[in-house]
Amino acid sequence: MANSRSASPDVAAPFSLLKLLPPLLAVIIGMFMVILDTTVVNNAIPTLVDDFGTTLHHLQWAVTGYTLALSAVIPLAGWLTDKFGSKRVFIATIVMFTLGSALCALATNTEQLVVFRVIQGIGGGMVAPIGMALVFRISPPERRGAVMGMLGIPILLAPALGPVLSGYFVEYVSWHWIFLINLPIGVAAVIVAWRYLPAFERGKPPALDILGMILGPIAFAMLAFGVSEGGTDWGSSRTLTGLIVGGVALLLFIFVELRHRQPLLELRVFKSFAFTQGIILSWILYAALFGSIILFPLMLQQAKGYTPLETGLILLPQALGSMLGMPIGGRLFDRFGARPIVITGTVFISAALLIMSQITLDRPLYVIMLNLFLLGCGMGLSMMTMNTYILNTAPKELVNRVTPLTNSAQQVIVSFAVAGLTGYLSTHSDKVLAAYKGPNPLEAVVGAFGDTFLLTSGFAIAGFVLSLFIRRVKPAAQKSGASDTRAEESMLAGH
């Protein structure tokens, strides 16, 4: 284990990417594993529904529970690294994620899979923020942009490989391997991290917001439950219980966070109108994008009859579009600001979803793939641009508290979108099938998917309208001096 002096980013020595490669590789492997896992499950959902003999309405909690767990632990990343050290916590999170993956492979019913996915999420939620903070610290200041840019490898590569690997395992081996594949990757990440990650001096942890830790997950989980049940019946006792309990817990959570000196989530950033406008737009886009992303593999397999592997290959254009749009958006942001880029991105997303809302059983495959590419381009242009815009619009005295808030909130919104849209799809499909009088029931199934895509396109169109009003802002200023590194690092690590 390296000592703290060898970990200092300020040591005067010639820059050598070769020397940074081993610790950088540890972070890349860990991030790749977590991002890969979030993409492989969607393609396997139809198979899991059949294998467990359950419904989409119940199985979607394997996705929703995972994202809620991610949102719950992201704000704790900074406190844990100050308390126990970033290297130890990073390795512990990889171990927990790998253990959760092994348990998921052993699941025999939906309830077990949901619980084990939550364990995965608890570990996976902190891998990216802690890993990015570690890379930030080991990188020379003048080379940070280039070194941090290498973290784009797992961010871009995993979404492209995930659906294809998932399709192969599900079709030719077993769905269990979409989780078992994480075991060798996790072991490799632990070995490399233990051997090569430097051990930094610990900071002084802030006071832990215990009430926030309790109220936040209760609020978001119950609201997600209410939204999920609302897809079936908005007037049912289960829906109302979820919404009322979740709403009360959310109000208490907001009250506690506004009064706490060092809250779990810094809600005072919402005093900036531009920030509030930006994060609401970001939420809308996340709901449209990630709500629709879960629909495509379901439609391709259940309605169009493609195999899991074929589905994975069909989904590739979306990842390729995102790979193309992300660097273009980054290059154009500094020159033109966020507004024209986000407007273009939301137009792409809205157009793709509107076209998909008119899907028919005989729609050519190339049209679907072109729509996926258009959706990916819109995603690449919009998401990174909005994240940068949100950081720039935050009040300067609170900017180092923005990242945990935005990352956690985005995961919560994804969980709401998945729960709500899958609930709507399940109920609406039953109604459409019951009313269908034609010769081929698959026409009714495709029509139900089209109606659900139309609903998601409404989110995207709302995002387009809101994007017309965002304005160009200068980045929030940070205090100069020695605190710069810690402030910027805390934006990555979670506090």
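These are my notebook entries on a predicted model of one protein.

**Entry 1. Confidence**

I began with the confidence values. The mean pLDDT of the protein is 84. Of its residues, 88% reach 70 or more. I then looked for weak stretches. Over residues 1–12 the pLDDT stays under 50. The model has 17 contacts beyond four places in sequence for that stretch. Residues 477–483 also have pLDDT below 50. I found 7 contacts there beyond near neighbours in sequence. Where pLDDT is low, the predicted coordinates should not be read in detail. I therefore take no detail from either stretch.

**Entry 2. Overall make-up**

I looked up the secondary structure next. It comes to 22 helices and 0 strands. The protein has 495 residues, and buried ones make up 55% of them. I also checked how far apart in sequence the contacting residues are. Among contacts with a separation of 6 or more, 83% join residues 24 or more positions apart.

**Entry 3. Nonpolar cores**

Which residues have the most contacts inside the largest nonpolar core? I noted Ile 45, Phe 90, Leu 113, Phe 179, Met 299, Phe 449 and Phe 453. This core has 104 residues. Its largest share comes from helix α1, residues 17–52, which supplies 18 residues. Apart from it lies another core, of 21 residues. Val 269, Phe 275, Leu 398 and Val 412 are among them.

I followed Leu 113 further. Leaving out residues up to four places away in sequence, Leu 113 touches Leu 48, Phe 52, Leu 59, Ala 62, Cys 104, Ala 107 and Phe 179. Phe 179 is also on the list of residues with the most contacts inside the largest core.

**Entry 4. Helix pair α14 and α19**

I took helix α14 (residues 273–293) with helix α19 (residues 365–393). Their axes come within 9 Å and cross at roughly 155°. Angles over 145 degrees count as roughly antiparallel, so α14 and α19 are roughly antiparallel to each other. I recorded their crossing as left-handed.

**Entry 5. Helix pair α5 and α7**

My second pair was helix α5 (residues 86–106) and helix α7 (residues 127–138). The axes come within 10 Å and cross at roughly 145°. The crossing of α5 and α7 is left-handed. Which residues make the contact? From α5 I listed Ser 86, Val 89, Phe 90, Thr 93 and Ile 94. From α7 come Val 127, Ile 130, Gly 131 and Leu 134. Phe 90 had already turned up among the residues with the most contacts inside the largest core.

**Entry 6. Three single residues**

I went to Thr 311 in helix α16, residues 308–314. Is Thr 311 buried or exposed? Its relative accessible area is 0%, so Thr 311 is buried. Beyond four places in sequence, Thr 311 touches Asn 43, Pro 297, Leu 300, Gln 301 and Tyr 306.

Next was Ile 244, in helix α13 (residues 237–259). Ile 244 has a relative accessible area of 54% and is therefore exposed. I set Ile 244 against Met 222, 22 residues apart in sequence. Their C-alpha atoms are 8.4 Å apart.

Last was Gly 447, in helix α21 (residues 441–467). With a relative accessible area of 26%, Gly 447 is partly exposed. Gly 447 and His 428 are 19 residues apart in sequence. From C-alpha to C-alpha, Gly 447 and His 428 are 9.7 Å apart.

Terms used: Residues are numbered from 1 along each chain as its sequence is written. This is a predicted model: local features need pLDDT of at least 70, side-chain atom pairs count only at pLDDT 80 or more; totals for chains, interfaces and linings use all residues. Side-chain values use heavy atoms; hydrogens and water are left out. pLDDT is the predictor's confidence in each residue, from 0 to 100. Contact means heavy atoms within 4.5 Å. Helices (H or I, at least four residues) and strands (E, at least two) are DSSP runs, numbered from the N terminus. Buried means under 20% relative accessible area, exposed over 50%, partly exposed in between (1.4 Å probe, protein chains only). A nonpolar core is a set of buried Ala, Val, Leu, Ile, Met, Phe, Trp, Tyr and Cys residues joined through side-chain atoms within 4.5 Å. Axes are lines fitted to C-alpha atoms, for helices over the stretch in contact, and angles run from 0 to 180 degrees between N-to-C directions. Angles under 35 degrees count as roughly parallel, over 145 as roughly antiparallel, 65 to 115 as roughly perpendicular and the rest as oblique. A crossing is left-handed if the near helix is turned anticlockwise from the far one by less than a right angle, and right-handed if clockwise.
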